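Please look over the sequence and the three-dimensional structure shown here before reading the report beneath them.

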Amino acid sequence: MMQNVHLAPETDEDDLYSGYNDYNPTYDTEELENDTAFQQAVRTSHGRRPPITAKIPSTAVTRPVATGYGSKTSLASSMGGRPVTGLIQDGVTRPMTAVRAAGFTKAALRGSAFDPLGQSRGPAPPLEAKNEDSPEEKIRQLEKKVNELVEESCIANSCGDLKLALEKAKDAGRKERVLVRQREQVTSPENINLDLTYSVLFNLASQYSANEMYAEALNTYQVIVKNKMFTNAGRLKVNMGNIYLKQRNYSKAIKFYRMALDQIPSVHKEMRIKIMQNIGVTFIKTGQYSDAINSFEHIMSMAPNLKAGFNLILSYFAVGDREKMKKAFQKLIAVPLEIDEDDKYISPSDDPHTNLVIEAIKNDHLRQMERERKAMAEKYIMTAAKLIAPVIETSFAVGYDWCVEVVKASQYIELANDLEINKAITFLRQKDFNQAVETLKMFEKKDSRVKSAAATNLSFLYYLENEFVQASSYADLAVSSDRYNPSALTNKGNTVFANGDYEKAAEFYKEALRNDSSCTEALYNIGLTYKKLNRLEEALDCFLKLHAILRNSAEVLYQIAHVYELMEDPNQAIEWLMQLISVVPTDSRALSKLGELYDSEGDKSQAFQYYYESYRYFPSNIEVIEWLGAYYIDTQFCEKAIQYFERAALIQPTQVKWQLMVASCFRRSGNYQKALDTYKDIHRKFPENVECLRFLVRLCTDIGLKEVQEYATKLKRLEKKKEIREQRIKSGRDGIGGSRSKRESSAGSDASYVDPLGPQAERPKTAAKKRIEEDDFADEELGDDLLPE
C-alpha cells in the first residue's frame, strides 16, 4: 500500500538562511567607485594580501536543511552524523587550483603584474628556415610540378590543343618516374604515391587516344591494368575496348567490353548498362544482329533509353522481323524523357517576382538541355518511322499511318503532324506528286504552324511543276498562317521572281532574312535578283556573305566568279573559278568557263588545258569540241582536229557543218582522196547543199574525174533555184518558196552555223570559233591549184 507523503511545513525564508546571512553580509556593488574607503583599501592592499585558503572558522553556524518529514537538522547530521571532510573541517587549507588554467598562480601574485597571456616573456622565437636542399623538400616540389603538368595537359585537351596536351602528359610521365626513384632512395617503397602514378598514366593514355596514337594508348592502359596495386584498374578495359572499336577490331572490342563488365559490380547499374550498349553496337557493326538484339532487349528491360531503343529497331529491321519492329517502336516511344512540361514556364499569376523567376529559368542551361533531349528523341522517332514504315505493312502509306497513330497515343502528340508532313515529302521523293499534294492538303484546317508548313511545301511542289498561280496562292496561305516563316516568304519571292517582278521579289527575300538571318536560300535568291537588276555590287556582297556561311558551296563560288566576269574583272573571275574546281574538280562547265576566260586573255596554252579537261569529263559539249577542233586547225594539226569534228557530227547528225569540217581537215592535210569520198558521202545525205557541190566540182576538176560535169550541172541548178527563191523573198511572194527554204535550211542547204545551246549573241565568241565561221569554207581555202580553169 502507498503511504501518505508528509510535506514539510512552510517555513519563513529568513529563518531558513539566518545563520548564513549573519556570516556573509550583503554589500551594494553599484557605488564602489565612489566609496572612498573601499578605493583606499584597494590601493594599499595590492601585493600584501595573505594567500587565500579554504579555512573556515569552526564557529560557523551549521546551515539547517529541510527533511522529508518536516524536521530541521544540521548538514552534518543529515550525512550520517559525521563531519564533512574537505569542506568544514577546522584548520585544513586547500590550494585554489581551479584558477591555474587562467594564469592565476602564486608566483604571478608576488611582486609581478597580472599577465595571463605570458607577454612578459618576450616575443616568440623566429620560425626555423625551410631547407630547400633537403630530399623531402625536393620530393615535395617535384610532386607539385607533376600535378601542375597533369592539370595543364587536361586544360590543353579541353581547349582543343591535342598536341600540347600530349607533350604535357609526356613531360608529367618523365618527371613522375624521377619522383618515384627519388622516393625509393629516401623512404620505403610503401610510401610511393600510387594515386599520382595512376593519374599520370591514365592522362597519358587518354592523350595518346585523343591524338589517334592507338598503339601507344593501348600499351599505357596495359601498364595500368596489369599493376595489381591500382584498385579498380580493370574498368579501364572499357577504354581499351573503345580503341579497338575505332580500329574496327570488333572481336577484341567485344572481348575487352566483356572483361570490363565482369569486373564491375552489379551495384554500378548505369555503368554496366553503358558497357552493354557498346557491346550491342559492336555486334551491329559485325552483323551479329541476334546478339545485338539480346543486349538491347536486356537494356530496355532494365533501364530503357533512346539510343538503345533506336538500335533495337535497327537490329530488328536488319533481320526483317515486322512484329518485333512494331513492338520496339512502341518501346522507343514509351521511354520517359524526364523533362518538365512547357506549362511550367507559363506564369499563372501577375506576381512580378514569379514572372521574373520564370523568365530567368525559361532559357537557362537546364532548359536548353531539356530541349536538346526532346529534339534528340524526336529525331530518333522520326528516323525510326521513316525506316520501318515501308516494311511493317503492305505499303509505305499504311505503314506510315500506323506509326502516326502510335505517336498520337503517346507523349509526342505534336510529332504526329510532323510525321504526316514527312510522309508527304517521302511521296515527293518517290515522285508521287499527286499523293504528296493530297496529303499536304489535309493540313489546311489544322493549326497555324502545321498549316504554314504544309502550304509551304505545296507552294514548292507547284513551283516545280511551273504552276506559278497555284504556287503563289499556297505561298500566300503559308505567309498568312505564319508571317515569320522564312521558307514561306522565300517561296512567295520565287513566284514573284518567276513573273519578272524582281524588285518585289527582293522585298520578300529581305523580309525572310529579317525573320531568319541564317536563311541561305533567301540570301542566294536575293543575289540572283540583284544580278537580274544589274546591281552587281549588291549581288557580289550577298554572295560573299553567303560564302562566309557556306564555305564549300559550288553554286556560290560560281556565282561570285560570274559576277566578277560581268564586272569585267577576269582575273578575279579566274581566281574564284580556281577555288570552284578545287571543290568540284570534275565540273566540265567550270573548266570550260576557265578555258574561255584564258582564251579571252590570250593565253592559248592554259585555255587548251582547261578545254581539254572539260572535254575529258563531258565529251558532248559542242562549244568545247568546236574550240578544240579550231585550236588544232590554228596550230596546223588538222589530223588531230578530225576526231573532234567527227564526234560533233555524231552528236548533231543533221548539221552539215561538222561533216564539211571533217572533209576540210582531210583536204588541208593533203589527203584529197579521203576528202573527195567524204564530200561524196555528204552529197548523198544532203543533195541540195551548195557548198558541198562547190567543193566536189573543184576537187573533181583538179583530179580530172569525169563526174565533174554532173556535179557542175547540179550546182548550176541549185544556184538558179537559190536566185529565184531570193527574188521571191524580196518581192514578198514567199508562200511556197518560204516553206521550201525552211526545208532546205533544215536539210543543211546553207552553210550558216546555228548554236544548239542558244543564240550567238548571248555568248562571247572565241578567236578560233570566229575563224571557223568566217573563212573555213571560203574559196581561198582551197588553194589556187584546186580552182577550176
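The report moves from the overall make-up to the cores, one helix, the aromatic rings and some single residues.

## Overall make-up

This is a predicted model, and the protein in it has 38 helices and two strands. Of its 789 residues, 36% count as buried, and the accessible surface comes to about 47900 Å², with 51% of that area belonging to carbon and sulfur atoms. Among the contacts between residues at least 6 apart in sequence, 51% join residues that are at least 24 apart.

## Nonpolar cores

In soluble globular proteins, nonpolar side chains tend to be buried together. The largest nonpolar core here holds 171 residues, and the members that touch the most other members are Phe329, Val407 and Tyr679. Helix 17, which covers residues 365–392, gives the most to this core, with nine residues. A second, separate core consists of nine residues, including Ile139, Ala172, Leu179 and Val200.

The surroundings of Val407 can be listed in full: once neighbours within four places in sequence are left aside, Val407 is in contact with Phe329, Ile333, Ile381, Tyr412, Ile413, Leu415, Ala416 and Leu419.

## The packing of Leu306

Leu306 lies in helix 14, which covers residues 306–319, and Leu306 is buried, with a relative accessible area of 8%. Apart from neighbours within four places in sequence, the residues in contact with Leu306 are Leu332, Val335, Leu337, Arg373, Met376, Ala377 and Tyr380. For one of these partners, Leu337, the C-alpha atom is separated from that of Leu306 by 8.8 Å, while the two residues are 31 apart along the chain.

## Helix 6 and its cover

Helix 6 covers residues 135–158, and its 24 residues reach 35 Å from the first C-alpha to the last, which is close to the 34 Å expected at 1.5 Å a residue. Its buried residues are Glu137, Ile139, Leu142, Glu143, Val146, Leu149, Val150, Ser153 and Ala156. An α-helix has 3.6 residues a turn, so residues three or four places apart point the same way.

Which helices help to cover the buried residues of helix 6? The cover includes helix 7 (162–186) and helix 8 (194–210). Helix 6 is followed by Gly160, whose phi is positive, near 90 degrees.

## Aromatic pairs and charges over rings

The model contains 23 aromatic pairs. One of them joins Tyr198 and Phe230 in an edge-to-face arrangement, with 5.4 Å from centre to centre and 70 degrees between the planes. Because Tyr198 lies in helix 8 and Phe230 in the loop between helix 9 (214–226) and helix 10 (237–246), the pair ties together parts that are 32 residues apart in sequence. The two partners are covered to differing extents, since Tyr198 counts as partly exposed at 24% relative accessibility, whereas Phe230 is buried, with a relative accessible area of 8%.

The rings of Tyr679 and Phe695 have centres 5.1 Å apart and planes at 10 degrees, so this pair is stacked. It links distant parts of the chain, with Tyr679 in helix 34 (residues 672–685) and Phe695 in helix 35 (residues 690–703), 16 residues apart. Both Tyr679 and Phe695 are buried, and Tyr679 is also among the residues that touch the most other members of the largest nonpolar core. Elsewhere, ring pairs link Phe608, Tyr611, Tyr612, Tyr615, Trp627, Tyr631, Tyr632 and Tyr644 into a cluster. Charged groups also sit over aromatic rings: the charged end of Arg616 lies over the ring of Tyr617, 5.1 Å from its centre, and the charged end of Lys640 lies over the ring of Phe637, 5.3 Å from its centre.

## Positive phi outside glycine

Where is Glu212, a residue other than glycine with a positive phi near 60 degrees? Glu212 lies in the loop between helix 8 and helix 9, and at 58% relative accessibility it counts as exposed, because the cut-off for exposed is over 50%.

Asn534 is a further residue other than glycine with a positive phi, in this case near 65 degrees. Its place is in the loop between helix 25 (520–532) and helix 26 (536–549), and Asn534 counts as exposed at 58% relative accessibility.

Notes
Residues numbered from 1 in each chain as written. Predicted model: local features only at pLDDT ≥ 70, side-chain atom pairs only at ≥ 80, totals over all residues. Heavy atoms only, no water. Core = buried A, V, L, I, M, F, W, Y, C linked by side-chain atoms within 4.5 Å. Buried < 20%, exposed > 50% of the residue type's maximum accessible area, 1.4 Å probe, protein only. Helix = DSSP H or I, 4+ residues; strand = E, 2+ residues; numbered from the N terminus. Contact = heavy atoms within 4.5 Å. Expected span 1.5 Å × (residues − 1). Phe/Tyr/Trp six-rings, centres within 6.5 Å; stacked < 30°, edge-to-face > 60°. Lys NZ or Arg CZ within 6 Å of the ring centre and 35° of its normal. Areas by Shrake-Rupley, 256 points an atom, 1.4 Å probe, with all protein chains shown as cover.
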